[in-house]
Amino acid sequence: MAVIDLRSDTVTHPTDEMRRAMAEAEVGDDVFGEDPSINALQERAAELLGQEAGLLTASGTMSNLIAALTWCSRGDEMIMGQEAHMFWNESAGSSALAGAQIRLVPNDDNGRIAAGDVAAAIRDASNIHVPASTLVCLENTHNRCSGGVMTPQDTREVVDVAHAAGAAVHLDGARIFNAAVALEVPVAELTKDVDDVSFCLSKALSCPVGSVLCGSEEFITRARKWRKMVGGGMRQAGVLAAAGLVALDSMVERLADDHANARRLAAGLADVDGLTVDPDSIHTNIVIFEVDREAVGDAREVIAALREDGVLVSHSREQSLRMVTHRHISSADVDEAVARVNGTVRRLAAAG
């Protein structure tokens with residue numbers, strides 16, 4: 001029985017074209033700024049996102065950390081949504097290493113944060129009793145909110161409030177190309193108003209490693225020093241950048257296939273007794289669904305049972321599970337996964 005891996009789009013493997021490009025990549029010492037493949041990737045990424053410059057990093061977590069280090073002094077405050085990846089899944093790096101306090105505001109079901117909530121959370125820097133609010137962090141698409149997307153207007157409303165208060169805006173755009181494809185807008189429309197943006201090469205774009213952080217020339221100059229400090233000077237990493245260049249040229253438009261498969265998956269899961277998901281809420285490639293504890297059992301027990309039946313999924317929160325479609329998942333795989341899930345759930349419900 002073939003395993004259907006829906007844990008994340010991070011499980012994707014590089015394409016044959018990427019492997020050839022990696023093998024043939026021209027390289028140099030990137031710490032000296034001399035790797036032509038990395039330089040080309042950074043320039044290409046910045047151009048696509050409407051920014052002045054780019055910086056290759058090892059991961060999205062590193063990009064987000066470097067952004068926090070660049071914008072925040074120790075004792076400053078960062079404002080972000082209560083479901084933010086930076087808060088839940090990055091080992092408290094912004095607090096531990098940047099020394100920044102995190103203040104949370106509500107996310108809606110789509111992952112958006114309201115400009116009014118941000119305005120209410122921003123501190124009066126003249127008050128010696130409170131930290132300065134120096135950074136607001138957005139996320140698009142939103143990992144813990146079923147891959148929800150922010151429109152250009154959603155972003156602009158928060159940016160206007162932040163800038164009026166003297167705070168910068170960092171966009172965790174790990175899957176920003178998914179958002180652009182879903183909204184059918186150029187990716188630069190989603191990033192033009194923020195002060196910096198990071199995106200991942202290693203998720204749905206299918207590269208083996210990497211993230212790119214983009215912003216102004218001045219921001220990237222400062223960010224490059226922080227990257228060196230946290231050990232991100234990867235020397236001849238043009239072998240990785242070469243895969244990124246292929247991805248930007250050939251892997252973006254096909255994300256629509258992943259989105260269609262995610263909607264197909266959600267529709268199938270919605271018909272399984274004991275599971276709850278709204279297919280209309282799925283806009284990109286992440287499907288989060290609820291497991292009825294009384295009817296089926298504990299979510300983690302369901303994960304283990306699904307693994308035995310050849311379907312790999314991840315835990316989201318409490319009784320929620322997450323499935324992510326990607327280029328290794330076909331529509332036939334989706335249908336087979338739904339069939340296996342239905343069988344697993346029926347078996348658990350009967351045993352319960």
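**Exercise 1. Place strand β13 among its neighbours.**

Task: Which residue stands opposite Leu321 in β13, and how do β12 and β13 pair?

Solution.
- Step 1. Start with one pair: His315 stands opposite Leu321 in β13. The model used here is predicted.
- Step 2. Widen the view to the strands. β12 and β13 are joined by 3 bridges and run antiparallel.
- Step 3. Look at the turn. The hairpin of β12 and β13 has 2 residues between the strands, and Glu318 takes a positive phi near 40 degrees.
- Step 4. Go to the other partner. β10 (residues 286-291) pairs with β13 (residues 320-324) in the antiparallel sense, over 5 bridges.
- Step 5. Check the register. Glu290 stands opposite Ser320, and Ile286 stands opposite Val324.

**Exercise 2. Assemble the sheet of 4 strands.**

Task: What is the strand order of the open sheet of 4 strands, and which strands stand at the edges?

Solution.
- Step 1. Write the order: β9-β10-β13-β12, with antiparallel pairing.
- Step 2. Find the edges. β9 (275-276) and β12 (314-317) each have a single partner strand, so one side of each lacks a neighbour in the sheet.

**Exercise 3. Decide how well β13 is covered.**

Task: Is β13 largely enclosed or exposed?

Solution.
- Step 1. Apply the cut-off: a residue is buried if its relative accessible area is under 20%.
- Step 2. Count. In β13, 5 of the 5 residues are buried, so the strand is largely enclosed by the rest of the structure.
- Step 3. Split by face. Ser320, Arg322 and Val324 lie on one side, Leu321 and Met323 on the other, and all are buried. Both faces of β13 are thus covered.

**Exercise 4. Follow helix α12.**

Task: Which strands does helix α12 lie across, and what do its buried residues pack against?

Solution.
- Step 1. Place the helix. α12 (residues 255-270) lies across β9, β10 and β13, at about 10 degrees to β10.
- Step 2. Check its length. The 16 residues of α12 reach 23 Å from first C-alpha to last, close to the 22 Å expected at 1.5 Å a residue.
- Step 3. List buried positions. Among them are Leu255, Asp258, His259, Leu265 and Leu269.
- Step 4. Find their partners. The buried residues of α12 pack against β9, β10 and β13, and also against α8 (176-183) and α14 (331-351).

**Exercise 5. Read the sheet of 7 strands.**

Task: What is the order of the open sheet of 7 strands, and which helix lies across β2?

Solution.
- Step 1. Write the order: β2-β8-β7-β6-β5-β3-β4, with mixed pairing.
- Step 2. Mark the edge strands. β2 (53-57) and β4 (101-105) pair on one side only.
- Step 3. Add the twist. On average, neighbouring strands are turned by 20 degrees against each other, direction ignored.
- Step 4. Take one parallel pair. β3 (residues 77-81) and β5 (residues 133-139) share 4 bridges. Met80 has Cys137 in β5 as its bridge partner.
- Step 5. Add the helix. α10 (residues 217-229) lies across β2, β7 (196-200) and β8 (211-215), at about 20 degrees to β2.

**Exercise 6. Analyse a helix crossing.**

Task: How do α1 and α11 cross, and which residues make the contact?

Solution.
- Step 1. Get the geometry. The axes of α1 (residues 16-24) and α11 (residues 238-250) come within 8 Å and cross at roughly 140 degrees.
- Step 2. Assign the hand: the crossing of α1 and α11 is right-handed.
- Step 3. Name the residues. α1 gives Glu17, Met18, Ala21 and Met22. The residues from α11 include Val239, Leu240, Val246 and Ser250.
- Step 4. Sort by class. The contact has 9 nonpolar, 1 polar and 1 charged residues.

How values were computed: Residues are numbered from 1 along each chain as its sequence is written. This is a predicted model: local features need pLDDT of at least 70, side-chain atom pairs count only at pLDDT 80 or more; totals for chains, interfaces and linings use all residues. Side-chain values use heavy atoms; hydrogens and water are left out. Two strands pair if DSSP finds at least two bridges between them. Contact means heavy atoms within 4.5 Å. Axes are lines fitted to C-alpha atoms, for helices over the stretch in contact, and angles run from 0 to 180 degrees between N-to-C directions. A crossing is left-handed if the near helix is turned anticlockwise from the far one by less than a right angle, and right-handed if clockwise. Ala, Val, Leu, Ile, Met, Phe, Trp, Tyr, Cys and Pro count as nonpolar, Asp, Glu, Lys and Arg as charged, and the others, Gly among them, as polar. The expected span of a helix is 1.5 Å times one less than its number of residues. Buried means under 20% relative accessible area, exposed over 50%, partly exposed in between (1.4 Å probe, protein chains only).
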